[in-house]
Amino acid sequence: MPIPGATTGAGFIFYDIWEQRNPPKQFEWDPKKKTLAILGSGWAAASMLQEIDTENFNVVVVSPRNYFLFTPLLPSTTVGTVELRSVMMPLRYLTRHKKREVLFVEADCNSIDPINKAITIEDNSEIKGTVSTQTLKFDFLVVAVGAQNATFGIKGVTDHACFLKEVWDARKIRTKLMDCLETACFPGQSEEEIKRILNMIVVGGGPTGVEYAAELHDFLNEDLTVWYPEIAGKINITLVEALPHVLPSFSKELIAYTEDRFAKEKINIMSNTMVKEVKEKEIVVQLPDKSIKSIPYGLLVWATGNTARPVVQKLIQQLPIELQNQRRGLVVDEFLGVKGTSGIYALGDATATKYPPTAQVATRQGYWMAKYFNGVGTLSEADQTALSEGKIPTRFVEDYTPFAHKNIGSLAYIGSDRAIADFPGGFRLGGLLTYYIWRSVYLSNLFSLRNRTLVIADWIKMKTFGRDIARE
């Protein structure tokens with residue numbers, strides 16, 4: 001006899017799948033509507049796009065990539081715990097389900113003209129048509145392009161280090177890691193050279209750096225010891241951090257717990273250590289006693305610091321310096337409007353605010369901005385025009401409170417099926433139970449049933465068959 005609850009649940013799942021595969025007919029573009037342009041496809045942009053009511057706007061989305069990337073699981077993709085496709089969601093899976101047609105353009109935005117309200121975009125694909133650059137006009141613009149890795153002017157970082165922010169970064173790390181392993185196994189390699197090649201250095205003790213070191217440790221313990229027994233014992237993982245401790249945004253108890261776990265797992269933490277130069281086969285660091293030391297490496301992952309992208313830097317230079325005085329991003333007001341402009345807003349890591357540059361903050365800003373523009377859509381055409389020109393209607397201001405972020409907690413994976421959680425109110429967890437909480441939270445934050453299914457399948461596949469060690 002069928003179980004009613006199970007039947008209902010299965011019905012909802014199959015309906016969700018059918019609905020995702022069969023988007024409804026959309027309203028066509030309306031020349032009478034205002035044009036809302038969104039730059040980016042990260043947490044802020046995707047969250048806004050998910051909640052925005054496109055019935056009241058002609059929406060244009062411009063991004064150099066045609067997918068949303070679930071960055072919290074990006075470290076897992078570098079060693080094969082999760083496959084890249086599982087954490088990528090095509091943006092058209094969102095845009096095709098909106099009430100009105102959304103124009104998506106895969107392109108780089110090279111410049112923003114805040115006076116004439118136009119963006120200049122360029123096709124970034126390998127195949128170019130007869131038209132590869134275009135200028136698009138807008139009434140409202142939301143800049144949600146995120147940030148790029150900061151090198152702090154350190155020589156050699158861009159040339160020799162691997163970043164961990166995009167899909168191509170993860171692919172590069174995975175390929176280079178397997179190269180290190182196979183090169184270390186090459187006949188006749190000296191012990192000194194094998195030691196260098198198998199020294200994996202991670203720069204940055206924030207969540208990304210810690211989670212990558214943890215994933216690399218799991219890969220070593222669970223897979224490399226089986227398939228590379230001759231070199232597995234020679235692999236060394238070093239985490240370099242300029243501050244006194246890793247994970248500075250977490251509580252002291254969880255920091256101590258993480259550092260103790262890393263010590264037991266033989267992940268070497270070099271705290272109070274500053275990178276001075278990166279060379280092809282070694283990094284030069286300044287130790288806590290101010291002495292200089294060179295450390296040979298085979299793989300170097302740079303997971304620290306953010307800085308503004310070129311398009312944001314150009315926009316900042318066009319605006320009054322007394323209003324835009326932060327190099328790390330755009331200064332915004334309480335309604336996330338870019339100071340010194342009218343009708344231009346900014347979200348996430350593209351901004352310089354009091355909030356931390358996290359996916360949690362960017363997501364909240366994206367949802368808030370969608371609600372804000374859903375309200376804008378109810379205004380008269382005259383009021384919308386006034387708002388785009390920087391004149392905020394009194395009634396509209398009274399209806400909306402400024403954006404404010406309330407932290408709901410932080411999670412980090414620290415290896416060996418252990419995680420830490422730091423929640424408001426002093427509620428802290430660490431260990432195996434927290435690992436399952438970490439997985440549950442990440443699964444719930446994936447945008448679609450498709451991605452959740454793929455990630456769960458990857459986890460099961462990894463536990464059953466191990467990680468793939470083939471070099472792509």
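Here are some short exercises on cysteines and aromatic rings, each with a worked solution.

This is a predicted model, where local features need pLDDT of at least 70, side-chain atom pairs count only at pLDDT 80 or more, and totals for chains, interfaces and linings use all residues. Residues are numbered from 1 along each chain as its sequence is written, and side-chain values use heavy atoms, with hydrogens and water left out.

**Exercise 1. Work out how many disulfides the structure holds, and look at Cys180.**

Step 1: Recall that a disulfide is a covalent bond between the sulfur atoms of two cysteines. The cut-off used here is a pair of cysteine sulfur atoms within 2.5 Å.

Step 2: The count for this structure comes out at zero. Take Cys180: the nearest cysteine sulfur belongs to Cys162 and sits 8.8 Å away, and Cys180 is in no disulfide.

Step 3: Now try Cys185, which is in no disulfide either; its nearest cysteine sulfur, that of Cys180, is 11 Å away.

**Exercise 2. Are Cys180 and Cys185 buried, exposed or partly exposed?**

Step 1: Get the cut-offs straight: buried is under 20% relative accessible area, exposed is over 50%, and partly exposed is in between (1.4 Å probe, protein chains only).

Step 2: Cys180 has 6% relative accessibility, so it's buried. Cys185 has 27%, so it counts as partly exposed.

**Exercise 3. Classify the ring pair Trp368 and Tyr372.**

Step 1: Rings of Phe, Tyr and Trp (its six-membered ring) pair if their centres lie within 6.5 Å; planes under 30 degrees apart are stacked, over 60 edge-to-face, and the rest tilted. The structure holds 22 such aromatic pairs.

Step 2: For Trp368 and Tyr372, the centres are 5.3 Å apart and the planes are at 20 degrees, so you call the pair stacked.

Step 3: Find them in the fold. Both belong to helix α12 (residues 359-376), four residues apart, which means about one helical turn between them. Helices (H or I, at least four residues) and strands (E, at least two) are DSSP runs, numbered from the N terminus.

Step 4: Check burial. Trp368 is buried at 14% relative accessibility, and Tyr372 is buried at 2%.

**Exercise 4. Do the same for Tyr413 and Tyr435.**

Step 1: Their ring centres are 5.7 Å apart with planes at 45 degrees, so this pair is tilted.

Step 2: Tyr413 is in strand β20 (residues 410-415) and Tyr435 in helix α15 (residues 432-445), so the pair ties together parts 22 residues apart in sequence.

Step 3: Tyr413 is buried at 4%, and Tyr435 is buried at 3%.

Step 4: Zoom out: ring pairs link Tyr413 and Tyr435 into a cluster with other residues, including Trp43, Phe68 and Trp438.
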